[in-house]
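Work through the exercises below with the sequence and the model at hand. Each task is followed by a solution in steps.

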Amino acid sequence: MNSSGFRPALVALGAVALLTASVAVPQAAAVPQSAAAGRTSTALTWYDATAETIASAGAPTQITNSRTWAIGWLAAARATRGVPADAERGAYQEAALAGAVHRALVTLVPSRTEQLDATFRKTLDAIPDGPAQERGVAAGVRQADLVLRWRESDGLDPASVNTPYAVPPAAPGVWQPTPPAYAPATQYGNRLAKPFLLTAQNQFRLGPPPALESRRYAADLAEVRAYGAADSTVRGAHRTETAAFWLGSSLTLYTEPLRVALSRSNEGAAGQARLVALFHVALVDTQIATSDSKYAYERWRPVTAIRTGAIAPDPGWTPLHTTPAHPDYPSGHTTYSGASETVLSALVGPRTAPFPLTSPTAPGVTRTYTAWKQLSDENVDARVFSGIHTRSADEAGITLGSNVARYVLANAGRLLASP
């Protein structure tokens, strides 16, 4: 569609009534649009647009940004799931995907409207004019509006996410604010938020962490004390690099692996939208479940245990990296990784051709991966080498994230069903 046709296409945004008169047919397998048209697929275009929007103007809280991804791409997955019998499949689905993600993003991140409108114009320019395009856009907008209404007041805005938390009295094993800032706890409000699919925030609450007097906990602390210290003499350069590589936001680090999976998918627009939607719905619900377990057990961080605990306290011990302001058990980074690995392994297979990955917290470092599990394994080690989590907390995180993701995948039909 040429630029002069953008106005009629925008008028078509309100033409939702066309859909109600259409008969949907089951989705068939399709070749990615990029393969047939020699261009970037609509899914990749809007994946990049979502990533750029969040990187430029996203919220300060990771779960809020995961919510933005989930809303836009769930709407796209619903809108592309069925195609009217008399509509050209490819044009309809591409337009539906673009209409859904565009509508969600300009609603949730209005400061990026100009850039998103420009991307929308380019998308429509590449889709043949006609009823399939108009009806697809209308379907996408309708689904975006429905999902946006459903998620209103879900408790995932930054203020709700960081609902104040009353620190319990100091006692062995109990979380206390950590040095150097001794900042108030964050992410407590996640455990009060509305999940996308979980029936309750505590549906997958972990069992308790290792007892303070157990051999496992003693081994955990000994490992962190030795390998996670700022002045460690045993960590070595490669382990130090691993800690730095995985230090930043998990959302940021997993943006490229998910894009790799998307670009290598043999699915058409509907399957690609479903992949991104299920990935981010699983991550939102995982973060809710993570905070539930964290604040149910209120386990102190290694820096507190090593400085003040009964096992050879070392008041001067300092971790390699600053400890985040929330309890140890489980590790949020690894819950995210466990969920990501589970979704990617289920939907695109556990292994992939080699792909490079860089990290904003490890400038100049590029690592290469061939399996999603490799990312999880490095995450587990990294938090120990950073001195900010015990291995028990990391491994429990993988378990929790995997449990939530499996539930999301098992209930995907219910999630994707259009209202």
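The expected span of a helix is 1.5 Å times one less than its number of residues. The model used here is predicted.

**Exercise 1.** Compare the expected span of helix H5 with the distance between its end C-alpha atoms, and state how many of its residues are buried.

Solution.
- Helix H5 covers residues 62-81, which is 20 residues.
- At 1.5 Å a residue, H5 should span 28 Å.
- The end C-alpha atoms of H5 are 28 Å apart, so the two values agree.
- Buried means under 20% relative accessible area. By that cut-off, 18 of the 20 residues of H5 are buried, and the helix is mostly covered.

**Exercise 2.** Which residues of the largest nonpolar core touch the most other members, and which helix gives the most to this core?

Solution.
- The core holds 93 residues; Trp46, Trp73, Leu97, Phe245, Trp246 and Leu357 touch the most other members.
- Helix H13 (residues 269-297) gives the most, with 13 residues.
- Another core, of 12 residues, lies apart from it and includes Leu221 and Val384.
- Take Leu357 as a case: leaving out residues up to four places away in sequence, its contacts include Phe245, Trp246, Pro257 and Tyr369.

**Exercise 3.** Describe the largest pocket and its lining.

Solution.
- The space in the largest pocket is about 900 Å³.
- Its lining has 44 residues, and Gln62, Gly248, Ser249, Ser250 and Leu251 lie nearest the centre.
- By type, the lining divides into 16 nonpolar, 24 polar and four charged residues.
- H12 gives the most to the lining, with six residues.
- Elements that each supply at least two lining residues include H5, H13 and strand E3 (351-358).

Technical notes:
Residues are numbered from 1 along each chain as its sequence is written. This is a predicted model: local features need pLDDT of at least 70, side-chain atom pairs count only at pLDDT 80 or more; totals for chains, interfaces and linings use all residues. Side-chain values use heavy atoms; hydrogens and water are left out. Helices (H or I, at least four residues) and strands (E, at least two) are DSSP runs, numbered from the N terminus. Buried means under 20% relative accessible area, exposed over 50%, partly exposed in between (1.4 Å probe, protein chains only). A nonpolar core is a set of buried Ala, Val, Leu, Ile, Met, Phe, Trp, Tyr and Cys residues joined through side-chain atoms within 4.5 Å. Contact means heavy atoms within 4.5 Å. On a 1 Å grid over the protein atoms alone, a cavity is a set of points where a 1.4 Å probe fits but cannot get out, and a pocket is an open set with protein on both sides within 12 Å along at least five of seven lines; lining residues have an atom within 4 Å of a point. Grid points are joined across faces, edges and corners, and a volume is the space filled by probe spheres set on the points. Ala, Val, Leu, Ile, Met, Phe, Trp, Tyr, Cys and Pro count as nonpolar, Asp, Glu, Lys and Arg as charged, and the others, Gly among them, as polar.
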